Every structure is written in C-alpha cells, then in structure tokens.
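Have a look at the protein below before you read on. Then we'll walk through its sheet, its helices and a few odd spots in the backbone.

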Amino acid sequence: MTEPAAASAVRIGLPHGEKVTHRDVAANGARFHIAELGDGPLVLLLHGFPQFWWTWRHQLVALADAGYRAVAMDLRGVGGSDRTPRGYDPANLALDVTGVIRSLGEPDAALVGHDLGGYLAWTAAAMRPKLVRRLAVVSMPHPRRWRSAMLRDARQTAASSYIWGFQRPWIPERQLTADDGALVGRLIREWSGPRLPEDEDVETYQRAMCIPSTAHCAIEPYRWLVRSLARPDGIQFNRRMKRPVRVPTLHLHGSLDPVTRTRSAAGSGEYVEAPYRWRLFDGLGHFPHEEDPAAFSTELINWLKDPEPDR
C-alpha cells in the first residue's frame, strides 16, 4: 500500500458527515495522527486492538455536542502514527499519551481507553497523575489485575489465547494481513455481542491493518506484556503499578465480553484511591462503545459532567 493510500485508509470522515480535523502532533520522539472535533475540556480517546482512532467515531460527535474537545489518537505503530522499530512497552506508550496531551497545549485530559488503550490509560493515570483529570476504562482490568488473571485464572488464559499466539515470530503478522485482513474481521465479529458490526465498518479495520508494518507494531505491545512477565523490566513495571490511581474513575464492561472476563476486570477499584464507578452493560461484548454507542456515550458524558462522580 502506497503512502497516499495508507493515509486515505485512516484519514476518513465520520459516519454522518461531521467535519473531523485530521492532523499530526509530535510527542515522545514520534509523530502521532489525531482526529479532533469540538471545543472545551480535552477528552483523549485511546483505541484497542485490532482497531485505530475510527473506533471512537460515535463518541467524537457525542462529546463535541456535549461541549468537549474530543480527540482520538492512533497509538504508536497504528493508523496514521509513526511505526518505530521499538518503544512498545506500556510505560513508553503511556508517555506517548501524556506527550500528546502536552502537545495539544492542554494542562490535562480526561482519558478514555478501550482494550490496550485502557491498559495504557490505567498506566498513564498512575505514572503522570497531574496530566489526567479523569479516567474511563473500557473492557480492560487494571494492569496488576490483568497480570494476575493471566497467570492464575485458567479461563482468562483461555480467553486470551490470541495473546499467547502473538508470541510466535512473524506468523501472527502474516495471519492478520492474509486475505485482505480477513482475520481482523473475524476477531471483531467473534468478540462482539449479538449486535454485530456492519460489514463496511469491519472492512475499514481490515484495510487499516493491511497498511505495511501495522500488524507487527500492533502485536508488539502484547509480546512485551507476556515476555516480560518474568523479566526484570516487567516485574519493575508491575511494582510501579502499585501506585494508586487518584483521579475519579469510570470502569465500563460488556457482560458478554469473551476476551476479558467480567471477573478479571471487576475488582480493579482496589487500585483507585478516588471515586470509582463500575458499569456493566448487559448484552454487549468487547466493544460496547460501538455495539451500543448511544447508551455508552450517555453513560460517559453523564459521568464526565457529574460534579460528584462517587454517587
């Protein structure tokens, strides 16, 4: 895929014609693509695997309408952001996130992260608390809960079989891009609840994954998460994550999520020394923000606007 074609695959419009602004910002030694809509307090949206900024297309509009500056960024190595040879450990990826906040000229942001983006949101809130105003995490337990579940819960280990499969060299990259990214479409459909995504939406994610080097960069964070479990850098990171989150936190999860079990995510509040709200969406899977965008956006915006989020 040529560079112009790659750009056109990710610098796309919103479903109902809203004019989102695409641009690049420099942070933490790399260049990051963002999609931006609205004015007001910054809400920074972080996507998960196997997606890119476009997963937040519905929330960009809802947040902008509610009076927020909504920004969805492509994580390092994905979408329109730089594909660097290294830097895919969670501590560095979290510095990407906080660096983007600074580059946008904002004193802080409400972070909203799904899947891997949620893992990084937890990390950023613990590492750089002054830059995180509020925290909303979707379909992802706190990093220490994630580690514990992966090592001690056989059902979670089985549900995360794709992560173990990523540890092989080169084969996963080839599988993700074979047949125009067909595996990406299969994973998104299998991980969703009964409200399956539109074929057109799935094809958008498949095209983005087929941009050269994207599959490799998208897999690298998961390789670090597993390979570092017994390494000094992984043990040190786990210790660092004992530092409690001290900002109001909203934890959102789909009751039918086949990838991250509810039992694994629940209980993450023990690492939050601030108002913590748990919300389980009945009948939704791993992508509640896409499966029921209206309900998700309403829950998120009401919480962002609530001056007493501990209620």
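Two parts count as being in contact when they have heavy atoms within 4.5 Å of each other. Helices (H or I, at least four residues) and strands (E, at least two) are DSSP runs, numbered from the N terminus. This is a predicted model, where local features need pLDDT of at least 70 and side-chain atom pairs count only at pLDDT 80 or more, while totals for chains, interfaces and linings use all residues. Residues are numbered from 1 along each chain as its sequence is written, and side-chain values use heavy atoms, with hydrogens and water left out.

**The sheet**

- Eight strands make an open sheet with mixed pairing, in the order β1-β2-β4-β3-β5-β6-β7-β8; two strands pair if DSSP finds at least two bridges between them.
- At the edges sit β1 (21-27) and β8 (276-281), each pairing on one side only.
- From one strand to the next, the twist averages 25 degrees; axes here are lines fitted to C-alpha atoms (for helices over the stretch in contact), and angles run from 0 to 180 degrees between N-to-C directions.
- Strand β7 (residues 249-254) runs parallel to β8, and six bridges join the two.
- One facing pair is His251 and Trp278, the latter in β8.

**Helices on the sheet**

- Helix α3 (residues 90-103) packs on the sheet and touches β1, β2 (30-37), β3 (42-46), β4 (69-73) and β5 (109-114). The direction of α3 makes about 110 degrees with that of β1.
- Helix α4 lies across β3, β5, β6 (132-138), β7 and β8, at about 145 degrees to β5.

**The core**

- The largest nonpolar core holds 99 residues, and Leu44, Phe49 and Leu111 have the most contacts inside it. Such a core is a set of buried Ala, Val, Leu, Ile, Met, Phe, Trp, Tyr and Cys residues joined through side-chain atoms within 4.5 Å.
- "Buried" means under 20% relative accessible area, "exposed" over 50%, and "partly exposed" in between (1.4 Å probe, protein chains only).
- Helix α4 gives this core its largest share, nine residues.
- Leaving out residues up to four places away in sequence, Leu44 touches Val71, Met73, Val97, Val100, Ile101, Ala109, Ala110, Leu111 and Val112.

**Two helices to compare**

- Helix α14 (residues 293-305) has 13 residues, so at 1.5 Å a residue it should span 18 Å, and its end C-alpha atoms are indeed 18 Å apart. The expected span is 1.5 Å times one less than the number of residues.
- Helix α8 (residues 171-191) spans only 21 Å between its end C-alpha atoms, where a straight helix of 21 residues would span 30 Å.
- Where does α8 bend? It bends by about 115 degrees at Asp180, taken as the angle between axes fitted to the seven residues ending there and the seven starting there.
- The buried residues of α8 include Leu176, Leu183, Ile188 and Trp191, and what covers the buried ones includes α7, α9 (199-209), α10 and α13 (288-291).

**Backbone oddities**

- Most residues other than glycine have a negative phi, and most peptide bonds are trans.
- A cis peptide bond, with omega about 0 degrees, joins Phe49 and Pro50; Pro50 sits in the loop between β3 and α2 (57-65).
- Trp170 has a positive phi, near 65 degrees, and lies in the loop between α7 and α8. Trp170 counts as exposed because its relative accessibility is 55%.
- Ser213, in the loop between α9 and α10, has a positive phi near 75 degrees. Its 47% relative accessibility is why Ser213 counts as partly exposed.
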